[in-house]
Amino acid sequence: MTASTAEQTSASGSKGSEPPVPEGAITVTVKIRRFNTEFDDEPRWDSFEIPALPSDRVLNLLHYVKWYLDGTLTFRRSCAHGICGSDAMRINGVNRLACKVLLKDLLSAGGKPTTITIEPIKGLPVHKDLLVDMEPFFEAFRAVQPYLINYSPEPTRERLQSAADRERFDDTTKCILCACCTTSCPVYWSDGSYFGPAAIVNAHRFIFDSRDEGAEERLDILSDKEGVWRCRTTFNCTDACPRGIQVTKAIQEVKRALLFKRV
Amino acid sequence: MSNALGLAKPRAPRRPAARRSNFELYSWLFMRISGMALVVLVLGHLFIMNVLDGGVHRINFGFVAGRWASPFWQMWDLSMLWLAQIHGGNGLRTVINDYARKDATRFWLKILLYVSMVLIISLGTFVIFTFDPNITD
Ligand code: SF4
Ligand code: SF4
Ligand code: FES
């Protein structure tokens, strides 16, 4: 249990008595897409009325549901601080990390009642409620060989690199593998074997690293049928990335490297 | 083995072994280049046919016959035909790849597309090259 949410903490998964409503709280409706794949044939929508502060995050609302209203709600989260990338979900129709969205940014204008819809990310099989099977996503990630490849003899000191060389792939080192981008990609929705933006971002991170010698290999993999050429440049991925990575730009850089056979 | 995996994980892509083919690269590049060429060819065509002296009202058999007497306009129309067909066909191929859910649907839609492309390209090419201005009816 993380310290920041300690004020509402009960044992995870069990239903406690509701805590006192803090001063300045507003009641919002949270509509969650529920699906228990073991018992239900169809997903359904559940609504909860939750008192919350504008400074609360969507993750706090989910905790409130799970801890005080319905302990069967299932979702992933770990760090609660936008680091681990485990709580990607579709909030009001866009992919976000629940721990990075503040309630005040979702409130209806003019004090009208607010409804927040929360769905699992699209394009991956749902296990239960907001919990999806991430394996296809990580399979694509592994397929681009996201590790340093270097065939030269191991140096005795660290491998040095100029600041300019480091800068080339700086943006793509920030990825936390949350899958917000890949599951916002319309190509990925209809074709699960497309590598998806996240895998390309992580390939980019090594392709443009001057210390790495596996660029050709990875470029070959990404030039294939399910590779970068499937990208339609719709920028959904860039809009979705909670780390602000210029995902589509990274994909275009990979395309350019393929086109001119030069990294 | 791969089948059992597929059942347990419906979307786990059966990622085919990399074929190391650059077909998609060339098709992507072709779309950009043909697109630029078509802007000139098609806009030029529309301008000549619809705006330039008298526009559409002066078009008749004689006008077409006169134009196709020159190899330049033959080539213009020929490249417009081929580029537009292949550019459009490749675009539709992509759309089919993106939207067809079942492999069988995808296959038959593509067959339909390729057959129609071949038909239109060959018919058009045939007409451009065998056009007889002295035809009488
Ligand atoms: S820019 Fe490309 S990878 Fe990103 S969402 Fe669009 S199609 Fe997908
Ligand atoms: S690129 Fe951004 S959205 Fe995609 S997995 Fe990485 S951090 Fe998440
Ligand atoms: S819980 Fe770790 S990123 Fe949101």
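## Contacts, pockets and ligand shells

Arg230(A) and Asp98(B) form a salt bridge, with their closest N and O atoms 2.4 Å apart. The model behind this value is predicted. Side chains of opposite charge can pair when their charged atoms come close.

That pair belongs to the contact between the two chains. How many salt bridges are there between chain A and chain B? The count is two. Chain A brings 32 residues to the contact, and chain B brings 18 residues. Together the chains bury about 2,300 Å². Of this area, 51% is on carbon and sulfur atoms. Which residues of chain A lose the most area to chain B? They are Ser190(A), Asp224(A) and Trp229(A). Together these three account for 24% of what the chain A side buries.

Now take the structure as a whole. Over all chains, a search finds 21 salt bridges. One example lies within chain A: Arg34(A) pairs with Asp70(A), and the closest N and O atoms are 3.0 Å apart. Arg34(A) sits in strand β1 (residues 26-34), while Asp70(A) sits in the loop between α1 (58-69) and β3 (88-91), so the salt bridge ties together parts of chain A that are 36 residues apart in sequence.

Glu18(A) is found in the segment before β1 of chain A. Setting aside neighbours within four places in sequence, Glu18(A) is in contact with Tyr64(A), Tyr68(A) and Leu69(A). Glu18(A) and Leu53(A) are 35 residues apart along the chain, and 15 Å separates their C-alpha atoms.

Next come the ligands. Around ligand 1 there are 13 residues. Those that come nearest are Cys185(A), Cys231(A), Arg232(A), Thr234(A) and Cys237(A). Two elements of chain A, α7 (236-240) and α8 (247-259), give two or more residues each to this shell.

Ligand 2 has its own set of residues. Among them are Cys175(A), Cys178(A), Cys180(A), Cys181(A) and Cys241(A). Others include Ile176(A), Leu177(A), Pro242(A) and Arg243(A).

Helix α8 of chain A appears again in the second largest pocket, where α8 and α3 (163-168) each supply at least two residues of the lining. Rolling a probe the size of a water molecule over the atoms shows where empty space is left. In the second largest pocket, that space is about 320 Å³. The lining has 17 residues, and the closest to the pocket centre are Arg168(A), His204(A), Phe208(A), Glu253(A) and Arg256(A). Which element gives the largest share of this lining? It is α8(A), with five residues.

The table sets out the residue classes of the three sites.

| Site | Nonpolar | Polar | Charged |
|---|---|---|---|
| Shell around ligand 1 | eight residues | four residues | one residue |
| Shell around ligand 2 | 11 residues | no residues | one residue |
| Lining of the second largest pocket | six residues | three residues | eight residues |

Definitions and conventions: Residues numbered from 1 in each chain as written. Chains lettered and ligands numbered in written order. Predicted model: local features only at pLDDT ≥ 70, side-chain atom pairs only at ≥ 80, totals over all residues. Heavy atoms only, no water. Near = heavy atom within 4 Å. Nonpolar A, V, L, I, M, F, W, Y, C, P; charged D, E, K, R; others polar. Helix = DSSP H or I, 4+ residues; strand = E, 2+ residues; numbered from the N terminus. 1 Å grid on protein atoms, 1.4 Å probe; cavity = no way out; pocket = protein on both sides within 12 Å on 5 of 7 lines; lining within 4 Å. Points joined across faces, edges and corners; volume = space filled by probe spheres on them. Contact = heavy atoms within 4.5 Å. Buried area = accessible area lost by both parts, 1.4 Å probe. Salt bridge = Lys/Arg side-chain N within 4 Å of Asp/Glu carboxyl O.
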